[in-house]
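The exercises below are meant to be worked through with the sequence and the coordinates open side by side. Each task is followed by a solution that goes step by step.

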There are 2 protein chains.
Amino acid sequence: MTEIRKVAVLGTGVLGSQIAFQSAYTGFEVVAYDINDESLQKARLRLAALVETYRKEVTGAADLQADTMGRIILTSDLAAAVADADLVIEAVPEVLAIKQALYEKLARLAPSDTILATNSSTLLPSDLKDFTGRPDRFLALHFANNIWKFNTAEVMGTPETDPAVIDTILKFASDIGMVPIPIRREKAGYVLNSLLVPLLNAAAELAEGGYANPHDVDKVWRIATGAPMGPFQIYDMIGLNTPYNILSHGDKHARSLAAWLKENYIDKGKLGIASGEGFYSYKPAD
Amino acid sequence: MTEIRKVAVLGTGVLGSQIAFQSAYTGFEVVAYDINDESLQKARLRLAALVETYRKEVTGAADLQADTMGRIILTSDLAAAVADADLVIEAVPEVLAIKQALYEKLARLAPSDTILATNSSTLLPSDLKDFTGRPDRFLALHFANNIWKFNTAEVMGTPETDPAVIDTILKFASDIGMVPIPIRREKAGYVLNSLLVPLLNAAAELAEGGYANPHDVDKVWRIATGAPMGPFQIYDMIGLNTPYNILSHGDKHARSLAAWLKENYIDKGKLGIASGEGFYSYKPAD
């Protein structure tokens, strides 16, 4: 099994920064790459914010941040970033053309035994494997937002991925404090969205159809399952735009749910927790 | 608004006994009816067991059981049971012919202003209203098993139900310690099963399709949503026979999930918590 010591994280957006920070926090040497100085400056702010977040939310994290930051190198030089990486985790925007162009460069720039992993939520690894120059050493490694709390790492190869590479990445995921979840066949939405989307759609149907209001739906779910959040609280946490985008690309029934979300919530600026209101109000009392 | 003081509970099975006990526990005068002495003897045992359960699981219940039992009359005389009931809650077996015959008797025996409520899980109140002799005073009042813990009461009328009757029953539900959930249009499965069935089906699809194993699916769900149980733990809690029966009456895809449940679990005696094993083992260690 390949030993992973050096990790390159490509893309320093919300999740890329978290992956870089968590990997460094757990002792790995990390190079975080983004396309220009402006993006890297944003990455510095994101990493600095993560220091504070980990201090507050991660047990035992109080004294470790100086070390952590010392293990992260930021660069806009792709060749340097991947030159001696054992593992490259790609977390660039969810646009096929951007990812394709990047993998075509990596095929040349990364050593032939470097493992490449995509964090893509919406593409399957089979959509990307032919650009990587090493389909046997390519797979998906999918994190959830707020990685320090929601610490699942879904690991999904293509039929061409070497099983030993999958084992290596399952171990790496565990080494950086994740709960590794092997997905044995490619599946859009991985495990989480394959479960969450039907639940959220069913909840929207109940409210859109006038059967029950969102707060009552949530009450039933919380009481019956012991869950801390009902489906409409989950909508608010995710933000309504993402489910809206998924539903608007669905069948006629899905599109009617999308229209309901748009007219009653999104068009009124009720986008969820981030906007201060969604199905619930999060505004401070006057 | 009608004031509810006297309640008749028809049917003293698992849920009927709980409804009778909870109503008496919260101060209502209850008559519990069943068809013969043998059934009533079983009801006595169920009620006695509930005394113990409430002592253990319900805060403040330690001293109240003598009172509670004193407020419950058991009888196999239907006419006497409903003669001066303000509310009749029907919890007899889920067989249309049985319920129909009962409502035809109630139409004659219960005072014309007595409200009739069905606890049916699988029938809509519209399926029964024409037998009641009072469609304006008839609705569904649906409880969950382990009423003292899972205290939702879904309240669902037909288009003919008087809105004042719905309000009366919402208040009654609250008065007996339930969280009343108004369902404004008839919906098979009420709120809970309308949400739960799609989630459980999606989970079965992931496992049946070989994408991920049940324990990993549960892990993702628990971590991502903070829920105490993943979908396969919920299967085990419900028992696999109920989802199997629902799936076997579904479309081709549902029937293939039913076959998977049967071959891999039900046929091997893995029925869930009640049988000691389902997707998880509940057997004590050797």
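A residue is called buried at under 20% relative accessible area, exposed at over 50%, and partly exposed in between, with a 1.4 Å probe and protein chains only. This is a predicted model, in which local features need pLDDT of at least 70 and side-chain atom pairs count only at pLDDT 80 or more, while totals for chains, interfaces and linings use all residues. Residues are numbered from 1 along each chain as its sequence is written, chains are lettered from A and ligands numbered from 1 in the order in which they are written, and side-chain values use heavy atoms, with hydrogens and water left out.

**Exercise 1. Place Asn146(B) and Asn146(A), and describe their backbone and their exposure.**

Step 1. Asn146(B) lies in the loop between E6 and strand E7 (152–157) of chain B, where strands (E, at least two residues) and helices (H or I, at least four) are DSSP runs numbered from the N terminus. Asn146(A) is found in the loop between strand E6 (138–143) and strand E7 (152–157) of chain A.

Step 2. Most residues other than glycine have a negative phi. Asn146(B), although not a glycine, has a positive phi of about 65 degrees, and for Asn146(A) the phi is likewise positive, at about 65 degrees.

Step 3. Asn146(B) counts as partly exposed because its relative accessible area is 22%; Asn146(A), at 22% relative accessibility, is partly exposed too.

**Exercise 2. Determine which residues of H5(B) are buried, and what covers them.**

Step 1. Helix H5 of chain B runs over residues 96–109, and its 14 residues reach 20 Å from the first C-alpha to the last, close to the 20 Å expected at 1.5 Å a residue; the expected span is 1.5 Å times one less than the number of residues.

Step 2. The buried residues of H5(B) are Lys99(B), Leu102(B), Tyr103(B) and Leu106(B). Seen down the axis of H5(B), these buried residues fall within an arc of 100 degrees, so they line one face of the helix; the arc is that of the directions from the helix axis to the C-beta atoms.

Step 3. The face turned away from the buried side of H5(B) carries the exposed residues Ala97(B) and Arg108(B).

Step 4. The cover over the buried residues of H5(B) includes strand E1 (6–10), helix H4 (78–82), strand E4 (87–90), strand E5 (115–118) and strand E6 (138–143) of chain B, with contact meaning heavy atoms within 4.5 Å.

Step 5. One of the buried residues, Lys99(B), forms a salt bridge with Glu90(B), the closest N and O atoms being 2.5 Å apart, and both Glu90(B) and Lys99(B) are buried. A salt bridge here is a side-chain nitrogen of Lys or Arg within 4 Å of a carboxyl oxygen of Asp or Glu. In chain A, Glu90(A), Glu94(A) and Lys99(A) are linked in a network of salt bridges.

**Exercise 3. Describe the two faces of H12(A) and its packing partners.**

Step 1. H12(A) has 13 residues and reaches 18 Å from its first C-alpha to its last, close to the 18 Å expected.

Step 2. Ala254(A), Leu257(A), Ala258(A), Trp260(A) and Leu261(A) are the buried residues of H12(A). Viewed down the axis of H12(A), they fall within an arc of 160 degrees, so they line one face of the helix.

Step 3. On the face of H12(A) turned away from the buried side are the exposed residues Lys252(A) and Glu263(A).

Step 4. The buried residues of H12(A) pack against helix H8 (192–208), helix H10 (231–238) and helix H11 (241–248) of chain A.

**Exercise 4. Find the surroundings of Asp216(B) and Gly230(B).**

Step 1. Asp216(B) is in helix H8 (residues 214–225) of chain B and is buried, with a relative accessible area of 7%. Residues up to four places away in sequence not being counted, Asp216(B) touches Pro180(A), Ile181(A) and Pro182(A).

Step 2. Gly230(B) is found in the loop between H8 and helix H9 (231–238) of chain B, and at 0% relative accessibility Gly230(B) counts as buried.

Step 3. Neighbours within four places in sequence left aside, Gly230(B) is in contact with Asp218(B), Trp221(B) and Arg222(B). The C-alpha atoms of Gly230(B) and Ala203(B), 27 residues apart along the chain, are separated by 9.1 Å.
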